Amino acid sequence: MNQPNSVGLRRRPIVALAVASAMFLSACGTNPHQSPEAMRPIGTSLNAWDEDIARKAELESVGTCRLRRDVVAWFPCADSRGAPAISEAEMSTIVDKLERGIRAAKVFIGAPDWSCGDDRRVFFYFPDANFISHAPGGNTAFIPLWRIRQDQAPWLHEAMHLLVKVDGDWLSQADGVAEARMPLWLHEGLAEALAMAVAEQEGFAHYSPLIDVPADRLDAFAAEHIRACPDPPRLLAFVGGRGKLSELFGEERMQYAPAFYAASTPFVRSLARRDGGYRLLLRAIADFDNEITTYERLSGRSLDDSRREWMASIGVEIAPSSVAPSR
Ligand SMILES: [Zn+2]
């Protein structure tokens, strides 16, 4: 989901907690023949919420982790009632799937040797709690345990936020700067479109909490939700332009978020179809704070024109308002 710089989300360094937590060993699932550091590696979380810091520290101190070449997954040992949270077999099945997906995702975006620092692994934390899945930065993603167990987790989407190269960090910008300049539609639409593509390639069931429809229903779903949101022209100004629609981070979130994600994803997919793949979009999103102009230069088309064409193709004839700067 990735909710960078949102009102009320606080960030704090986690180094001290991470170091302290590495000193603990859990009772479940450790291998006495390997060092604690090798068996219990800790992820790097650059823009973590306060809740992330606490949950990460707890899992790293009393949880259990499973390792693969490209994935580390942290699970709780016990649920809130003290019963085993998840079986060994289920953890294995989940981690094998994560590993296959992350390897495929890296290849798909042309970064088979992706790493964060010297670590090529994506760290998934699965707290036994209810919250919005997100990837705050670095190499960590936070997803509720129940979601991954029920196969209703946007884990590929969150991983894409980490894997896609960006020569800068919108999440660390001041709230006002990111709200005005970050092309959120591109970050969210591209993460979701790439996740859908990799899921399809690997035969995974793709799941999105907000737009849980098959790919061939996306355009219709988008048209329906754009028309239904409280202010379609305002919403559309943020799809293809700069800035973050503030309603996504306030009390009106559920009135706008399905429409925003539903619009951003098929719009990005339409651009990739026209471009013959995601190469141009990936180059554009990497060019921090120049994403729009870089994409338009590489593709030779204005995003306003492209959005107009896509909207016509889904039968929505609404002009965007001019609330957001487009360049
Ligand atoms: Zn996201």
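Here's a quick rundown of one sheet and two helix packings. Keep in mind that this is a predicted model. The sheet is open and has 5 strands with mixed pairing, and helix α3 packs on it. Elsewhere in the briefing, helices α4 and α8 cross with their axes within 10 Å.

**The sheet**
- Going across, the strands run in the order β1-β2-β3-β5-β4.
- The edges are β1 (64-67) and β4 (134-137), and each of them pairs on one side only.
- From one strand to the next, the twist averages 20°.
- β1 goes antiparallel with β2 (residues 71-75), and 4 bridges link the two.
- If you want a residue pair to look at there, arginine 66 sits opposite alanine 73 in β2.

**The helix on the sheet**
- Helix α3 covers residues 50-62 and touches β2, β3 (122-125), β4 and β5 (140-142).
- The direction of α3 makes about 95° with that of β3.

**The α4/α8 crossing**
- Helix α4 takes in residues 88-108 and helix α8 residues 184-202, and their axes cross at roughly 115°.
- The crossing of α4 past α8 is right-handed.
- On the α4 side, the contact is made by Arg100, Gly101, Ala104, Ala105 and Phe108.
- Facing them from α8 are Leu194, Ala197, Val198, Gln201 and Glu202.
- By residue class, this α4 and α8 contact splits into 6 nonpolar, 2 polar and 2 charged.

Key: Residues numbered from 1 in each chain as written. Predicted model: local features only at pLDDT ≥ 70, side-chain atom pairs only at ≥ 80, totals over all residues. Pairing = 2+ DSSP bridges. Axes fitted to C-alpha atoms, helices over the stretch in contact; angles between N-to-C directions. Contact = placed C-beta atoms within 7 Å. Left-handed = near helix turned anticlockwise from the far one by under 90°. Nonpolar A, V, L, I, M, F, W, Y, C, P; charged D, E, K, R; others polar.
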